[in-house]
Amino acid sequence: MPALQQQPEALTLEQYEALPEDLRVEVFDGVVYDMASPSQEHQTISMELSTVLNTYIRGKKGSCRVFHAPFDVKLSEQPLTIVQPDLMIVCDKDKLDGKRCNGAPDFVIEIVSPGNPADDYIRKLYYYKNAGVREYWIVDPRRKNVTINFFEGNMLNVQYSFDSVIKVNIYDDLYINFSDIDELLNA
């Protein structure tokens, strides 16, 4: 995820909102970074996970909401940090203003793009943890594994293969069978 250009000063929220809508970017500490378009594999994983999460929450008549990229999350205003997680669950409706989530989602999933794995494993891990995200998953289609970071439970970098059934730790009874997703990828 390369920086778009050298910027003389940190980007403000007003400048970010003035960027063209079709520009796929994230902002870390006021610096704009270009995002790659998602692949078919990425989209398949995202759609399946979104369906599982949304079905669970709706079935429980829960108040949390599932969102998928592109949907802005403002983690910090000074310096400006805005990300677009692949998937997220937001339980505090006061964080939603119709345009974005202001503050940390409860649960975030990032699907690793081949061109920038360090972005998800290092940079976003740091920002999500420090912003107060409760649980962060890194889904890596190339390695066929899922890395779980449940910050509330001090569970960091626990890895599962795509043939695992994985518990979503912010819920007592939500499990995701990744072998179902893996079958779709191999079909």
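Residues with under 20% relative accessible area are taken as buried, those over 50% as exposed, and those in between as partly exposed. The structure is a predicted model. By these cut-offs Arg134, at 23% relative accessibility, is partly exposed.

Strand S6 (residues 87-90) is paired on both of its flanks described here. Strand S3 (residues 65-68) is joined to S6 by four bridges, and the two run antiparallel. Within this pairing, His68 has Leu87 as its bridge partner in S6. Three bridges connect S6 to strand S8 (residues 107-111), again in antiparallel fashion. Here Ile89 is partnered by Phe107 of S8. The side chains of S6 alternate: Leu87 and Ile89 point one way, Met88 and Val90 the other. All four are buried.Ile111 lies in strand S8. With a relative accessible area of 1%, Ile111 is buried. Beyond its neighbours within four places in sequence, Ile111 is in contact with His42, Ile45, Ser46, Asp86, Asp120, Val139 and Pro141. The C-alpha atoms of Ile111 and Glu41 are 9.7 Å apart, although 70 residues separate the two along the chain.

The model contains one disulfide. It is formed by Cys64 and Cys91, whose sulfur atoms lie 2.0 Å apart. The link is right-handed, with 105 degrees about the S-S bond. Cys64 is in the loop between helix H2 (40-59) and S3, and Cys91 is in the loop between S6 and strand S7 (100-102), so the disulfide ties together parts that are 27 residues apart in sequence. Cys64 is buried, at 13% relative accessibility. Cys91, at 23%, is partly exposed. Cys101 takes part in no disulfide. The nearest cysteine sulfur to that of Cys101 belongs to Cys91 and is 10 Å away. Cys101 is buried, with a relative accessible area of 0%.

Salt bridges number 14. Side chains of opposite charge can pair when their charged atoms come close. In the pair of Asp173 and Lys60, the closest N and O atoms are 2.7 Å apart. This pair links distant parts of the chain, 113 residues apart. Asp173 is in the loop between strand S12 (165-167) and strand S13 (175-177), while Lys60 is in the loop between H2 and S3. Both residues are partly exposed: Asp173 has a relative accessibility of 38%, and Lys60 has a value of 48%.

Arg134 forms a salt bridge with Asp106, with 3.2 Å between the closest N and O atoms. Arg134 lies in the loop between helix H3 (117-131) and strand S9 (135-140), and Asp106 in the loop between S7 and S8, so this salt bridge ties together parts that are 28 residues apart in sequence. Asp106 has a relative accessibility of 12%. That value is under 20%, so Asp106 counts as buried.

A further salt bridge joins the side chains of Lys124 and Asp120, at 3.9 Å from N to O. Both residues lie in helix H3, four residues apart, or about one turn of the helix. Lys124 is buried, with a relative accessible area of 3%. Asp120 is likewise buried, at 3%. The two belong to a network of salt bridges that links Glu26, Glu110, Asp119, Asp120, Arg123 and Lys124. Asp120 is also among the contacts of Ile111.

Note on methods: Residues are numbered from 1 along each chain as its sequence is written. This is a predicted model: local features need pLDDT of at least 70, side-chain atom pairs count only at pLDDT 80 or more; totals for chains, interfaces and linings use all residues. Side-chain values use heavy atoms; hydrogens and water are left out. Buried means under 20% relative accessible area, exposed over 50%, partly exposed in between (1.4 Å probe, protein chains only). Two strands pair if DSSP finds at least two bridges between them. A disulfide is a pair of cysteine sulfur atoms within 2.5 Å. Contact means heavy atoms within 4.5 Å. A salt bridge is a side-chain nitrogen of Lys or Arg within 4 Å of a carboxyl oxygen of Asp or Glu.
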